[in-house]
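Got a minute to look at a structure together? Here it is, and then we can go through some of the words people use for it.

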There are 2 protein chains.
Amino acid sequence: MHFEGVPGHEFVGVALDGPLAGRRVVGEINAGCGECPACRGGDPRHCPTRTVLGILGRPGAFAEELSLPTGNLLPVPEGISDELAVFTEPLAAALAVLEAVPLTPSTRVGVAGDGRLGILVAHALASAGKEVVVFGRHPERQALLPRGCELVPGVLEADSPPRRPEWEVLVEATGSAAVLARALELVRPRGTLVLKTTVEEASTLPLAPLVVNEIRLVGSRCGRFAPALELLASDPPPLEKMIDHRFPLEEAPGALEVAGRQGCLKVLIEVSG
Amino acid sequence: MHFEGVPGHEFVGVALDGPLAGRRVVGEINAGCGECPACRGGDPRHCPTRTVLGILGRPGAFAEELSLPTGNLLPVPEGISDELAVFTEPLAAALAVLEAVPLTPSTRVGVAGDGRLGILVAHALASAGKEVVVFGRHPERQALLPRGCELVPGVLEADSPPRRPEWEVLVEATGSAAVLARALELVRPRGTLVLKTTVEEASTLPLAPLVVNEIRLVGSRCGRFAPALELLASDPPPLEKMIDHRFPLEEAPGALEVAGRQGCLKVLIEVSG
């Protein structure tokens with residue numbers, strides 16, 4: 001979004017004022033105008049003049065304080081640790097997949113990518129009773145996946161052998177535009193490819209197979225926080241295992257450098273209260 | 001499909017043998033294996049080893065005779081002229097839009113493209129009670145559109161002024177990959193872009209807006225013939241107005257040359273019986 005300013009949109013903190021003052025909170029990151037059809041329809045995530053915490057027109061969470069509309073804040077139930085609560089935003093985004101595509105008990109679902117988002121999507125699908133296959137390249141991350149979930153390496157690479165187009169629903173969470181065409185090859189005719197990755201550049205996608213095989217491409221971005229908090233309170237996936245490092249705010253530049261390294265899943269920045 | 005052989009897949013003719021011998025027929029163009037899950041599910045259009053009349057592994061209709069499985073043939077009701085019956089295949093493809101995307105009475109639908117396919121899609125949508133807007137570049141084609149349908153020029157060009165992303169459903173039928181990105185800009189957040197055009201090359205589509213605005217891209221290709229014949233029998237759109245020229249089979253090369261000219265909508269090739 002060509003954002004300049006304080007970044008950071010995944011946080012847990014304590015409300016300084018408003019109806020939740022003194023309580024531990026997380027916050028929906030999209031702040032809408034409140035007036036447009038999207039906002040009136042309860043969806044400020046698609047308000048055309050929205051601000052987005054640390055992403056669009058609103059300073060973010062890598063700071064001692066941040067500001068969000070009162071209505072964006074949700075209290076964090078006591079049983080949810082800070083280490084889990086920081087995953088509310090990306091877990092909400094992962095759970096949005098369940099709204100993007102209807103899943104029946106017999107729907108076979110795959111996930112492309114075993115990065116943080118792919119792992120979260122696997123947990124989101126597991127919460128809906130799905131035992132998914134994750135195509136990735138880090139076999140050791142099997143330990144981070146939900147029970148019944150299988151990590152299969154060597155499928156997404158451009159030079160890997162062709163596979164049958166057998167997936168009714170495939171969720172693309174690789175962060176790489178290059179993998180998209182390959183992911184499309186795995187989707188069966190009339191199947192659905194859910195795009196979770198926001199790729200910056202104009203990506204090249206072969207559209208002819210999309211038409212010939214009548215595939216659906218569904219873009220999916222942010223999700224609602226309430227279902228994510230419910231899942232964290234009732235049946236929490238062991239997301240804290242993904243935390244590789246912790247840094248104090250003063251060392252935020254170093255934290256960002258570490259977070260950008262290959263293989264790093266999650267870095268916390270801590271502000272002493 | 002890199003097909004070499006006799007082309008042609010839109011036809012009306014007389015069955016030479018089989019249960020419909022002597023009757024006027026049209027024929028579904030996809031011939032499946034009859035054994036695979038797609039075929040057993042009643043959808044030979046997605047059989048992985050299918051042949052397709054004049055397109056894939058099966059000689060087509062620009063000939064005195066052609067061969068299709070008996071089950072592919074449908075008798076043409078007497079009230080439907082040959083000039084209308086030849087539109088069964090593309091009209092079926094246009095009607096497939098109604099299966100690709102759920103339309104409620106309040107759904108606003110636009111069509112990108114005022115070529116033959118765009119005009120057929122407008123008629124298909126009109127048959128479902130929709131008064132659509134067609135974005136095109138031939139104002140004179142308003143006469144070919146259904147009543148209540150508006151042709152709006154000057155929107156799809158790359159240098160035309162920006163428009164509000166207001167379309168809940170937009171059907172892309174321009175035949176041009178270049179127009180896709182522009183069509184995407186017209187779709188509102190959480191809206192649907194139906195792709196009818198089979199573009200040959202790897203098309204470049206900016207995928208980031210697709211994710212950010214959570215848009216659905218739905219590929220749509222062939223349709224079932226039965227609903228098309230029903231529409232042609234009960235409430236026929238004046239499709240024969242689109243016929244620009246007629247040629248005998250001996251002049252087929254010239255017919256193809258004329259059909260490829262800018263502005264040409266439909267050319268008939270006639271085989272004397």
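What follows is a short run of questions and answers about this predicted model.

Q: Why are H3(B) and H4(B) called oblique to each other?
A: The axes of helix H3 (residues 88-100) and helix H4 (residues 116-127) of chain B cross at roughly 55°. Angles under 35 degrees count as roughly parallel, and 65 to 115 as roughly perpendicular. The value fits neither range, so the pair is oblique. As for handedness, H3(B) passes H4(B) in a right-handed crossing.

Q: Which residues of H3(B) and H4(B) meet?
A: On the H3(B) side they include B:Leu91, B:Ala94 and B:Leu98. Among their counterparts in H4(B) are B:Arg116, B:Leu120 and B:Ser127. By class, this contact has 10 nonpolar residues, one polar and one charged.

Q: Why are H3(A) and H7(A) called roughly perpendicular?
A: Helix H3 (residues 88-100) of chain A packs against H7(A) at an angle of about 105°, and their axes are 8 Å apart. The range for roughly perpendicular is 65 to 115 degrees, and about 105° falls inside it, so the label fits. A:Leu91 and A:Leu95 of H3(A) are among the residues in this contact, as are A:Phe225 and A:Leu232 of H7(A). The residues divide into nine nonpolar, one polar and one charged.

Q: What makes S1 and S6 of chain A edge strands?
A: The open sheet here has three strands in the order S1-S2-S6 (chain A), paired antiparallel. Strand S1 (13-14) and strand S6 (73-75) each have a single partner strand, so one side of each has no neighbour in the sheet.

Q: How do you know that S2(A) and S6(A) pair?
A: Pairing takes at least two bridges. Three bridges join strand S2 (residues 24-27) of chain A to S6(A), so the pair passes that cut-off. Within this pairing, A:Gly27 stands opposite A:Leu73 in S6(A). Helix H7 (residues 225-234) of chain A lies across S2 and S6 of that chain, running at about 20° to S6(A).

Q: How many residues are in contact between chain A and chain B?
A: On chain A it's 36 residues, in contact with 35 residues of chain B. The two chains bury about 2900 Å² between them, with 58% of it on carbon and sulfur atoms. A:His46, A:Leu207 and A:Val211 supply 21% of the area that chain A buries against chain B, more than any other three residues.

Conventions
Residues are numbered from 1 along each chain as its sequence is written. Chains are lettered from A and ligands numbered from 1 in the order in which they are written. This is a predicted model: local features need pLDDT of at least 70, side-chain atom pairs count only at pLDDT 80 or more; totals for chains, interfaces and linings use all residues. Side-chain values use heavy atoms; hydrogens and water are left out. Axes are lines fitted to C-alpha atoms, for helices over the stretch in contact, and angles run from 0 to 180 degrees between N-to-C directions. Helices (H or I, at least four residues) and strands (E, at least two) are DSSP runs, numbered from the N terminus. Angles under 35 degrees count as roughly parallel, over 145 as roughly antiparallel, 65 to 115 as roughly perpendicular and the rest as oblique. A crossing is left-handed if the near helix is turned anticlockwise from the far one by less than a right angle, and right-handed if clockwise. Contact means heavy atoms within 4.5 Å. Ala, Val, Leu, Ile, Met, Phe, Trp, Tyr, Cys and Pro count as nonpolar, Asp, Glu, Lys and Arg as charged, and the others, Gly among them, as polar. Buried area is the accessible area (1.4 Å probe) that two parts lose on being put together, summed over both.
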